[in-house]
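User: I'm in my first year and still learning to read protein structures. Could you take a close look at one part of this model with me, the sheet, and show me how its strands fit together?

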Amino acid sequence: MLPLSLLKTAVGHPVLVELKNGETYNGHMVQCDTWMNIHLREVICTSKDGDRFWRMPEAYVRGNTIKYIRVPDEVIDKVQEENFKRDEKRRHQVAEDGAGVAGRLEDGEMVAGEMADAEGQAGVGKEGVGKEAEVGAAGAVYNDAPLRLAQASCQELCAHA
């Protein structure tokens, strides 16, 4: 789960933001940008020592001053569900395209020479696996051992083609 996807999902939900200086801000998140700057509404600010409170209609918190953010469990569950749906969609799309590091099957036979999936990320050609195949169809980065194994398999398949 990526921090920004979590924060973007938390928009509209109550959050607690603790700053590096010890102050806390409780409010409903209105907006969050890529620098983690946060706009809150209906804010209660608590001093570092916890003895003073301020109620504010809204507050803007600069991202580089934030120590941590607490979000409700329902937001975390929602992000995990969205990630699962996105991953399933990607797997389904890759399965439909039939592309990947090893190529695709056509009428029960391997077809070498498929160069890319729908996003142009995987690569298998008659020359074997190229540098572009280091990132697979689902965006995963492969380490050297599986890459060498895939390259050897592709060279075997290409030799028989």
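Analyst: Happy to! Let's begin with the chain as a whole. From the N terminus on, its elements run α-β-β-β-β-β-α-β-β-β-β-α. That comes to three helices and nine strands. Please keep in mind that this is a predicted model.

Now for the sheet. Five strands form an open sheet with antiparallel pairing, and their order across the sheet is 4-3-2-1-5. Try reading that order slowly: strand 1 sits between strand 2 and strand 5. Which strands stand at the edges? They are strand 4, residues 53-61, and strand 5, residues 66-70. Each of these two has a single partner strand, so one side of each is left without a neighbour in the sheet. The sheet is also twisted from strand to strand: on average, neighbouring strands are turned by 30° against each other, with direction ignored.

Let's zoom in on one pairing. Strand 1 covers residues 14-19 and runs antiparallel to strand 5, with four bridges joining the two. For a spot to find on your screen, look for Leu-16, which stands opposite Arg-70 in strand 5.

Finally, let's step back to the protein chain around the sheet. Of its 161 residues, 32% count as buried. The chain exposes about 10600 Å², and carbon and sulfur atoms supply 53% of that area. Among contacts with a separation of 6 or more, 37% come from residues 24 or more positions apart.

Note on methods: Residues are numbered from 1 along each chain as its sequence is written. This is a predicted model: local features need pLDDT of at least 70, side-chain atom pairs count only at pLDDT 80 or more; totals for chains, interfaces and linings use all residues. Side-chain values use heavy atoms; hydrogens and water are left out. Buried means under 20% relative accessible area, exposed over 50%, partly exposed in between (1.4 Å probe, protein chains only). Contact means heavy atoms within 4.5 Å. Accessible areas come from the Shrake-Rupley method with a 1.4 Å probe; for residues, only the protein chains shown count as cover. Two strands pair if DSSP finds at least two bridges between them. Axes are lines fitted to C-alpha atoms, for helices over the stretch in contact, and angles run from 0 to 180 degrees between N-to-C directions.
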